[in-house]
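Q: I have a structure open and want to go through some of its contacts. Can you take my questions as they come?

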Amino acid sequence: MELFYDILKQLIRIPCVVGAEHPFFMFLKRELEELNVNVEYYDGVLVAKGNRPESGYISAHADRHGLICTGHNEFQYAAFIAKNQADLQGNSNSEQLLKNFEMRFKDQRVQAYNPWSGSYLGLGTITDAYLCHRRYNIIFKIDGLDYLFPGTPIAFVDKLEITPDGLISAQLDNVISVAMILYLYHLGYQGTAFFTASEEAGRSWRFLLEYFRRFNIETRELLVLDTSPYNSYEEISGLDIILRNRDENAIFRSPMKNKMKKIALENSINYHFKDAYLKNIMAQEHKKGSLGVTELGRLVNASYGQIQGATLQFPTIGYHTVEESTTKRSIDSMILLLKKLYIDEE
């Protein structure tokens, strides 16, 4: 179990701003190849294959939120720069950040890096941030990075924090899922894993769909790992994992869902279905809202059901901040479930 946290600590320190994932992919490629896992790199997706590549399909997005230099001493939220906005439809959790903007970024330390080599380019501090309605993005003022060229990615400085009461905190979305997959390969997983780019900009499903079409692959058992946001610790304290029947774009029709339910029930793993939970809240408040948007839902919809699967998510609070938190119990439950699903049955 300590190995998982060692992997997570290491991955958190490597920047992976949406749209500038290459250095992170290269690090991940090396780590996988050291485990004798075959790695293929395509546009927007790193594909890992064990000795039995068809024994499992797991996916996680690698990108994290950060900033991009867009002009002289001008910095914008990377997911919402103009070239990314065409893929955003207004109903994802990432986009709700703009609608519920607050000064959560002030005094946050950030680091600039070369988008290809990953070389460190400097350290700065966010002094101000405001929502520009004309550009529909957050504009940042940063002290210490006025020399950067447009296109330079800037990541939040981050490290893993573990509290005595079992709370795990960092910018977890979605490095925690990447760490979980890498840990699974250490445990003996021999299937296929996908690490996608630009999920926070709504594009990752395109890269996955292109991969499946490239090799004429159809499956009903794609498992997508991610985090799932909640408003308070009280909401997640009784939850270990989060499942879904559907999202805003598609219904998930896969045997994976019942397999995971069975394992959860047999091992006292607490769960609920996020879509049912959201529907219940909307009914109580007499409001219409979104069931959320997932990479899997977009993929199922765009493939006309040729690609199907299920989601498995960590419940978290503090979404899209460097204080995003989940529990040790959630991590333990996720590891147990994935081992039962992919390793113990072999």
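**Salt bridges, a helix and a sheet**

A: Starting with one pair: Lys29 and Glu33 form a salt bridge through their side chains, at 2.7 Å from N to O. Keep in mind that the model is predicted.

Q: Where do Lys29 and Glu33 lie, and how many residues apart?
A: Both are in helix H2 (residues 22–33), four residues apart, which is about one turn of the helix.

Q: Is Lys29 buried or exposed? And what about Glu33?
A: Lys29 counts as partly exposed, because its relative accessibility is 22% and the cut-off for buried is under 20%. Glu33 is also in the partly exposed class, at 37%.

Q: How many salt bridges are there by this rule?
A: The count is eight.

Q: Which residue does Glu31 form a salt bridge with?
A: Glu31 pairs with Arg30, and their closest N and O atoms are 2.8 Å apart.

Q: Glu31: buried or exposed?
A: Glu31 has a relative accessible area of 15%, so it is buried. Arg30 is partly exposed, at 43% relative accessibility.

Q: Change of topic. What links Glu221 and Lys259?
A: A salt bridge between their side chains, 3.5 Å from N to O. This pair connects distant parts of the chain: Glu221 is in strand E13 (residues 219–229) and Lys259 is in helix H7 (residues 255–266), 38 residues apart.

Q: How exposed are Glu221 and Lys259?
A: Glu221 is partly exposed at 31% relative accessibility. Lys259 is partly exposed too, with a relative accessible area of 36%.

Q: Which residues are joined into one network by salt bridges that share partners?
A: Arg30, Glu31 and Glu34 are joined that way.

Q: Back to H7. What span does H7 reach, against what is expected?
A: H7 has twelve residues and reaches 17 Å from its first C-alpha to its last, close to the expected 16 Å.

Q: Which residues of H7 are buried?
A: The buried residues are Met256, Lys257, Met260, Ile263 and Ala264. They lie on the same side of H7, because they cover an arc of only 135° around the axis.

Q: And which residues are exposed on the other side of H7?
A: Lys262, Leu265 and Glu266 are exposed there.

Q: What do the buried residues of H7 pack against?
A: Four strands and a helix are listed as follows: E13, strand E14 (241–243), strand E15 (271–273), strand E16 (307–316) and helix H10 (328–342).

Q: What happens at the start of H7?
A: A side-chain oxygen of Ser254 comes to within 3.0 Å of the backbone nitrogen of Met256.

Q: Which residue has a positive phi just after H7?
A: Ser268, with a phi of about 55°.

Q: Now the open sheet of three strands. What is the order?
A: The order is E10-E11-E17, and the pairing is antiparallel. At the edges are strand E10 (161–162) and strand E17 (324–327), each of which pairs on one side only.

Q: What do strands of a sheet pair through?
A: Strands pair through backbone hydrogen bonds, in a parallel or an antiparallel arrangement.

Q: How many bridges join E11 to E17?
A: Strand E11 (residues 167–170) is joined to E17 by four bridges, and the two run antiparallel.

Q: Which residue in E17 does Ile168 stand opposite?
A: Ile168 is opposite Thr326.

Notes
Residues are numbered from 1 along each chain as its sequence is written. This is a predicted model: local features need pLDDT of at least 70, side-chain atom pairs count only at pLDDT 80 or more; totals for chains, interfaces and linings use all residues. Side-chain values use heavy atoms; hydrogens and water are left out. A salt bridge is a side-chain nitrogen of Lys or Arg within 4 Å of a carboxyl oxygen of Asp or Glu. Buried means under 20% relative accessible area, exposed over 50%, partly exposed in between (1.4 Å probe, protein chains only). The expected span of a helix is 1.5 Å times one less than its number of residues. The arc is that of the directions from the helix axis to the C-beta atoms. Contact means heavy atoms within 4.5 Å. A polar contact is a pair of N or O atoms within 3.5 Å; within protein, one must be able to donate a hydrogen and the other to accept it, and residues adjacent in sequence count only if both atoms are side-chain atoms. Two strands pair if DSSP finds at least two bridges between them.
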